[in-house]
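Trainee: Could we go through this one together? I'd like to know what stands behind the words people use for it.
Mentor: Sure, let's take a look.

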Amino acid sequence: MFLVALGYRAGGNAPIYTDVPQGPMVLPVPQALNLTSIVINVAVLALMLTMVIQIHRHTGSLDSEKSRKLKG
Amino acid sequence: MAAMIAHAPILIIAIPLVAAFLTPLVGMASKRARNALVVVSLLFVAFLVFALARDVVTNGIRVYTLGAASPEQTIPTGFIMPVRIILEIDGMSIFMGLIITTVALASLIYSLHFLKGQTGQARFYSLMMLLYAGMMGLAFTGDMFNLFVFLEIASIAGAGLAAYRANMADAVEGGFKYIVVSTIAGLMVLFAVGILYAQYNVLSIAALAHYMQHTLLDIIALGLLGSVFVIKLAAVPLHMWAPDTYTVAPAGVTPMIYTSSAASMYALYRVSFTLYGSTIDTTTLGRVVIALGVLSMFVGVMMAVHQTDIKRLMAYHAISQSGYMLLGVGVGLAVLADPVALANYGRNAINGGIFHMINNALYKGMLFLTAEAIFFRIGTRDLNRMGGLGHKMKCTAGFFIIGALAISGIPPFNGFASKLLIYETVFKFNPVLSVIAMFVSLVTLASFTKVFYSTFTGPEIPAYKEVREVPKSMIIGMGILAACIIFFSIFPGVVMDTIVAPATEALIDQASYISAVMGGVP
Amino acid sequence: MSVLAYGYAVWAPLIWIVVLVVIGVMVLIWRNRGQKSYKKGTAQTDIFLSGVRVPPEGQRHVKSENIYWGFFEALKRLYSGMMKPHTGIVNDYILWLVAVLAIAILILAVSG
């Protein structure tokens, strides 16, 4: 949301070049940034959930305070 | 041939990506074809990297614009700002590229035999190629958002590889810690990039450096980016994820994840020197970096001497040696604005720090590979239970001795050369730092003596009577790194003039980085 | 010969290696001129530890957690202080990141 709000221009149109109405356009780059960030976060979320499932299978609890086999 | 060199920057990133996607498909047909595909593509990319290195060292900064009519056309006609994605390769970028490629080659050849009998091998090689592509993209990019994307690619691939041995509980825990730390770091990088974009409406590093003013938002962005790269490179006090992750990663992966931390250090330098270089007073930033370096050296080595797990000990040493690099380059950063001090000792300090980067990647990578060789034969990483392996594993012991002497800074090895540069130049900045650095070197030697005594010397333990030497591909992997170490030890002047001095020059000289992209726009 | 210059002096590894080889050769020559008339296997070649009884062959290897015992005893307070932040919990790592971030932005904003 932060990124998309950065690109807003008051009274702007959609940033598509073909068949354009006159006037300022909203910046398209933050929308691209936002999409990329969503995709990356989906991938990371999938990976993290897999690891949490594995940890639960090994240690039997989902508390991150308890999965501290490596310390010191 | 010339066309290939002209398009080398994007080929270096694209070929590993394509290989990563093709690997599972080819692997369904035959295992040997899959291994051959991965090794051949990495060798080809290594050849391209060396050719590009020669080009950059002789001809200066190379710029590559994606999607333009010709690769050098950074600003489209009629515009005043670069709007396409630009890869900008200067001396420092290609230096990182060389480090990453060498370590990746050695790790890949090492892993060929190490994974015998494990399931999911196609995914392993695929992730290795993705990790390599991510790190090379991080080194070559000239664009802040691409920095974030490649950082995330490298982190995700690295975490997947670290948790590869999912049947052991501590492996998954190590990978989980790595992915949590990397994700939060990535989100903060995105926030900082958003702040910079909101202020200046450009994303390319050279253009941002051109338009940079000294507002409070810029300082907040610098603080964010700096802290994130500090936690990714595992400097004290943000280092605690690193021993957990380096310990449990399988062989060949630990040097790669360690090199990914080195790539984060490169990103820190890129942001401090090139993005912000002359617009802020670098004395404060330099002092902060020096403080982090000294803390890392001291805490890293004190914790290392106490450990009983061989890979965890080496992971703490990796943290400690990163402190040396931060110290050297921090001194250079602190005197960047002062031309007399810069010429006197600042430039040599940055030389020492950067030379130490490549030295450390080589010998730390080799030490990690030796530790995993021992684990491969014995099945335990606990130093209390090892002993007398030197009788049977002579090659591994030889490589370990070379690595241990190099990391402790014993002449005539390359560790001594770069540490000597750091001692001499840091002494002129503040003598106390030099004394701490020498003490840390001493304790490093002490801890590696402890490891050598526990593992290789002593009488043979009856439980390990059938241990033989490790297979050939693992020896070749370690041998590549050992040959590089010996070459760097005997010819430090050649290495310094060819790769390190251009890298230092590229860091200090912010103006030529900007003008390579902006082309003289006022 | 490839050297590394750092201001007022020069590091030349080849010279160092040549000196090491020369010293090594001298050491070998001296060693070969030593006493050769001793009997192996008798008390002349046994380990002597100031009269303390030496353990048999298989039990001599010191466990690695007992090496450098004196060093760790002397620095016990330092080590207990350093071990405390090194919990294994991920949440603590992120708290450290937030703390360092705040301190870094403060330092840079005040004096940058």
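**Reading the model**

Mentor: In chain C, strand S1 (residues 4-5) has the lowest confidence, with a mean of 78, while helix H1 (residues 13-32) of chain C has the highest, at 92. Keep in mind that this is a predicted model.

Trainee: How do you know what confidence chain C has as a whole?
Mentor: Its average pLDDT is 83, and 98% of the residues score at least 70. pLDDT runs from 0 to 100. The model itself scores ipTM 0.85 and pTM 0.89.

Trainee: What makes chain B and chain C count as being in contact?
Mentor: Contact needs heavy atoms within 4.5 Å. By that cut-off, 60 residues of chain B touch 46 residues of chain C. Together the two chains bury about 4700 Å², and 76% of that is on carbon and sulfur atoms. On the chain B side, Met240(B), Asn384(B) and Tyr453(B) lose the most area to chain C, together 12% of what that side buries.

Trainee: How many salt bridges does the rule find across that interface?
Mentor: Zero. A salt bridge would need a side-chain nitrogen of Lys or Arg within 4 Å of a carboxyl oxygen of Asp or Glu, so no pair across the interface of chain B and chain C passes the rule. Polar contacts do turn up there, in five residue pairs. As for classes, the chain B side has 38 nonpolar, 17 polar and five charged residues.

Trainee: And what share of chain A is called buried?
Mentor: Of its 72 residues, 24% are buried, meaning under 20% relative accessible area. Chain A has two helices and zero strands.

Definitions and conventions:
Residues are numbered from 1 along each chain as its sequence is written. Chains are lettered from A and ligands numbered from 1 in the order in which they are written. This is a predicted model: local features need pLDDT of at least 70, side-chain atom pairs count only at pLDDT 80 or more; totals for chains, interfaces and linings use all residues. Side-chain values use heavy atoms; hydrogens and water are left out. Buried area is the accessible area (1.4 Å probe) that two parts lose on being put together, summed over both. A polar contact is a pair of N or O atoms within 3.5 Å; within protein, one must be able to donate a hydrogen and the other to accept it, and residues adjacent in sequence count only if both atoms are side-chain atoms. Ala, Val, Leu, Ile, Met, Phe, Trp, Tyr, Cys and Pro count as nonpolar, Asp, Glu, Lys and Arg as charged, and the others, Gly among them, as polar. pLDDT is the predictor's confidence in each residue, from 0 to 100. Helices (H or I, at least four residues) and strands (E, at least two) are DSSP runs, numbered from the N terminus. Buried means under 20% relative accessible area, exposed over 50%, partly exposed in between (1.4 Å probe, protein chains only).
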